[in-house]
Amino acid sequence: MENDKNSQKIVDYIGNFARKHSLFVLAYGTGCGAIEIPATMTSRYDAERFGIRGAATPRQADVLLITGYLSTKTLKRVIRVYEQMQEPKYVIGFGSCTVNGGMYYDSYNTINGLDQYIPVDVYINGCMPRPEAVISGFVKLQELIMAGKANNGEKYRENLEHYRSNQKKIIKNWKMPDYNW
Amino acid sequence: MEDLGLKIFGAILTTIMAFTVGMTYGGIVRKLTARVQNRYGPPVYQNFLDLLKLQSKKTNIAHGFMGHMAPVWIIIAAVTVLMFIPILNGNLWFPNLSFHGDLIFLLYMMVFGSLGMALGAGQTGNPNSAIGVTRGLSQMVGYEIPFVLALVALMIQFQTTSVQDLTQVQHETGVWNAFANPFAFLAALLASLGMFRYSPFDIVGAPAELASGPVSEFGGKYLGTMMSGGAVFAFIKLTLYVHLFFGGAGNPDDSGILATLAGIGILLVKTFLLYMIPVFYGWINPRYRTEQAIRYFWGWPTALGIVGVLWAVFFN
């Protein structure tokens, strides 16, 4: 995290070092991309050597990994999960579907472009991205964290109205509270 | 006054040591598990990084008074129990309160942390937490019976309830209680499988089915504090077992620096080897269901515990 003078103090460096090497990932397996996650975590590619491990609930997670397309129905759940996560939090868009809709670009019930609805730190393109690409995406996120430039939660809070209006365009029957603590 | 100062210094030193050792053992287990699964694995100090990250989270959500109190309660219970466990047999550097507590008191206090966790998890209102708590309490009913039977066998055999005296007996006779009463030892060992909550008895956490159970609504600093409490508790259980069954560590007649360091070294070796038993058992077993776990504990471990009590009564 950068402070208001756009610089980091020693305590920020220590905090960022710990955050960088301890990423609890909530893999939101919405689409077919979820099949690459077991390959990334198990013995062949072993993401745990970077300190990346799975988290079971949004409260404990640091990284929200959106694997694949989001239908209008699952977007609602993603927003709930994202808002329940504790700051500092990061989002990784995984696969072409989160970048521009991918092969579902003209579908009537999927969204095109994840960053209209929640801020995204790193995109991993490809259909499917291989585990090497996934790990390289995580390494990119680690670089951003160390440089203090991964301020996803802050961005969301500051531009909440923008994101909320975009979300409400998709979710017609909005029955959630204003912010899902 | 000097005596009091030494006691406070010893207490702080004990807490720091228990925390460091517990966290490091957890890291070593993660590394070893990775090697067994043909992975490279995280570094040994990964748990410290996790803890530092959890404590440096910017926002935290609590769900009412017990939600705030649960992690505090756990760490208070852990440190309190730690004060009543003899770290080194008769050593002047770690006197703590080990002369005034006995096994019955310890049995009561060791449940205290789980009680705080149960109350805190209950207030979060998450259904996964409620299921996790009921599972945890059921499992505790399961393994407490062989554990208590083993301790009762020791109490009958040596006519004392003091951990200090039980360790002293082993030091004087030179026979470990693991051999003096093998049935009680086996019962306690099988009970420890449930106590450490590795597979197949990881029914409380169960990430894939319960979303980490009781802690599912706790994140950030709350989770970090619970992790520290858990690390201290792991050290407590291991040290208690070593002092009850493996002759303890340390020389009661010599409290010099070298003897103390040697005692700590022996304690670390013994606790680590003991810790490997539930871990090894976990590597080769999938998870039990709740009723299977309870049936396991009420089967052979309880039978061995009863035989241990009979052994203590008739072959004393």
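Colleague: Which word fits Ala211(B), buried or exposed?
Modeller: This is a predicted model, where local features need pLDDT of at least 70, side-chain atom pairs count only at pLDDT 80 or more, and totals for chains, interfaces and linings use all residues. Residues are numbered from 1 along each chain as its sequence is written, chains are lettered from A and ligands numbered from 1 in the order written, and side-chain values use heavy atoms without hydrogens or water. Because its relative accessibility is 15%, and under 20% is buried, over 50% exposed and in between partly exposed (1.4 Å probe, protein chains only), Ala211(B) counts as buried.

Colleague: What is the phi of Ala211(B)?
Modeller: Ala211(B) sits in the loop between α10 and α11 (220-245) of chain B; helices (H or I, at least four residues) and strands (E, at least two) are DSSP runs numbered from the N terminus. Although Ala211(B) is not a glycine, its phi is positive, at about 55 degrees.

Colleague: Gln159(B) also has a positive phi; what is its relative accessible area?
Modeller: Gln159(B) is not a glycine, and its phi is near 55 degrees. The residue lies in the loop between α6 (127-158) and α7 (163-173) of chain B. Gln159(B) is exposed because its relative accessible area is 65%.

Colleague: How many residues of helix α2 of chain B are buried?
Modeller: The helix covers residues 46-55. Among its buried residues are Gln46(B), Asn47(B), Leu49(B) and Leu54(B). Helix α2 is mostly covered, and of its 10 residues the buried count is 7.

Colleague: Which residue follows Ser199(B) across a cis peptide bond?
Modeller: The bond has omega near -5 degrees. The residue in question lies in the loop between α9 (182-196) and α10 (207-210) of chain B. It is Pro200(B).

Colleague: What is the volume of the largest cavity?
Modeller: A cavity is a set of points on a 1 Å grid over the protein atoms alone where a 1.4 Å probe fits but cannot get out. Points are joined across faces, edges and corners, and a volume is the space filled by probe spheres set on them. The count is 4 cavities of 30 Å³ or more. The largest has a volume of about 60 Å³.

Colleague: Which residue of the lining of this cavity follows Cys127(A) across a cis peptide bond?
Modeller: The lining includes Cys32(A), Thr67(A), Phe94(A) and Cys127(A). The bond after Cys127(A) has omega near -10 degrees. The residue that follows, in the loop between β5 (122-124) and α5 (131-146) of chain A, is Met128(A).

Conventions
On a 1 Å grid over the protein atoms alone, a cavity is a set of points where a 1.4 Å probe fits but cannot get out, and a pocket is an open set with protein on both sides within 12 Å along at least five of seven lines; lining residues have an atom within 4 Å of a point.
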